[in-house]
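Look over the sequence and the fold below. Then follow this short report from strands to helix to core.

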Amino acid sequence: MSANRQRSLVVLTGAGVSADSGVPTFRDAGGLWEGHRVEDVATPEAWARDPRAVWRFYQLRRAALRTVRPNAAHEALARLERECSARGDRFTLISQNVDDLHERAGSTVLSMHGSLSHLACESCGAVTRDTEHLDPHGFVACGACGHEPLRPDVVWFGELPRHLHEIDAALRGATHFLSIGTSGAVYPAAGLLSAARSLGAETWVNSLDAPQNLDPRDRFLPGRAVEVVPVLVERLLADGRADRARD
Ligand code: OAD
């Protein structure tokens, strides 16, 4: 492609990008998330019915973040962002993941489904970063208004995913779209691949198995993200250099 058209890269990640860091995926264990049916722990109804059980579940997930680290795929995507910004290319990273591994690798990320590292107050709306209170049995009170309990600042089934306007704007100019480690099963995230394709982006898909939303026009790169993503990033950067040298 010509350097006259500004390159705009959009990346969507799912649980598979963090699998090699030791964070379990959602759909690779018989439909159970750490042994739980998702509707028992990841819905507003579950929180209303049994807040202690939901809190315990998320506190264990929050504590588990301390034991994991970003892997080579997270790091490669952070490098892609740095190099894009140094060259004046646009770059947007969107993640469905609630872990904080992209941030810890140095990326700026639109977290569609919120973040385990933050807690939210349903009374006053305050959102606080909190990675210290990890007792699975002790609720945390809001520092702003005193309301208890705070909830995990994640998007549950039946709630609206975040950053939809920014995601829409990024897709409209996208020249390259990468879908990494997602089964393409949960909308609206699962619709971004076909939206980018129909808006003219070239599309790459990495996953262990072909995701549900894969299309023959996508370049499918099966394999572990830690192996596939660094090579793909290297290639995209080399293509960008070649485009510039030609113009
Ligand atoms: P899934 O668990 O549905 O899919 C994980 C995908 O990653 C599958 O396509 C696997 O083949 C792939 N995968 C597994 N290990 C991999 C590896 N090492 N390298 C590359 N790919 C690998 O996870 P998501 O698609 O992220 O929503 O799930 C989407 C949403 O469903 C989540 O954000 C969550 C969940 O319910 C909410 O909580 C709202």
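## A strand between two partners

Strands β8 and β9 (residues 219-222) pair in the parallel sense, over 4 bridges. Within this pairing, Trp 204 stands opposite Arg 219 of β9. Keep in mind that this is a predicted model.

Strand β7 (residues 176-180) is also joined to β8. These two strands run parallel, with 5 bridges between them. One such pairing sets Ser 179 against Val 205 of β8. Helix α8 (residues 192-198) belongs to the picture too: β7, α8 and β8 make a right-handed β-α-β unit.

How enclosed is strand β8? The strand covers residues 202-207, and 5 of its 6 residues are buried, so the rest of the structure largely encloses it. Buried here means under 20% relative accessible area.

## Helix α4

Helix α4 takes in residues 51-64. Does its length agree with what its residue count predicts, or disagree? At 1.5 Å a residue, its 14 residues should span 20 Å; the C-alpha atoms at its ends are 20 Å apart, so the two values agree.

Several α4 residues are buried: Val 54, Trp 55, Phe 57, Tyr 58, Gln 59, Arg 61 and Arg 62. What do the buried residues of α4 pack against? Their packing partners are α2, α3 (44-49), β4 (114-120) and β6 (151-154).

## The nonpolar cores

The largest nonpolar core has 21 residues. Which of them touch the most other members? Tyr 58 and Trp 156 do. Elements giving two or more residues to this core are α3, α4 and β4. The largest share, 4 residues, comes from α4.

Now take Trp 156 by itself. Leave aside its neighbours within four places in sequence, and Trp 156 is in contact with Val 41, Ala 42, Thr 43, Pro 44, Trp 47, Val 54, Tyr 58 and Arg 151. Two of these names, Val 54 and Tyr 58, are also on the list of buried α4 residues.

Apart from the largest core lies another, of 20 residues. Its members include Val 17, Ala 73, Leu 77 and Leu 236.

## A loop residue

Where does Val 23 lie? Val 23 is in the loop between α1 (16-19) and α2 (38-41). Leaving aside its neighbours within four places in sequence, Val 23 is in contact with Ser 18, Val 68, Asp 99 and Leu 101.

Compare Val 23 with Pro 216, which is 193 residues away along the chain. The C-alpha atoms of these two residues are separated by 30 Å.

Methods. Residues numbered from 1 in each chain as written. Predicted model: local features only at pLDDT ≥ 70, side-chain atom pairs only at ≥ 80, totals over all residues. Heavy atoms only, no water. Contact = heavy atoms within 4.5 Å. Buried < 20%, exposed > 50% of the residue type's maximum accessible area, 1.4 Å probe, protein only. Pairing = 2+ DSSP bridges. Right-handed = clockwise from strand over helix to strand, strands pointing away. Expected span 1.5 Å × (residues − 1). Core = buried A, V, L, I, M, F, W, Y, C linked by side-chain atoms within 4.5 Å.
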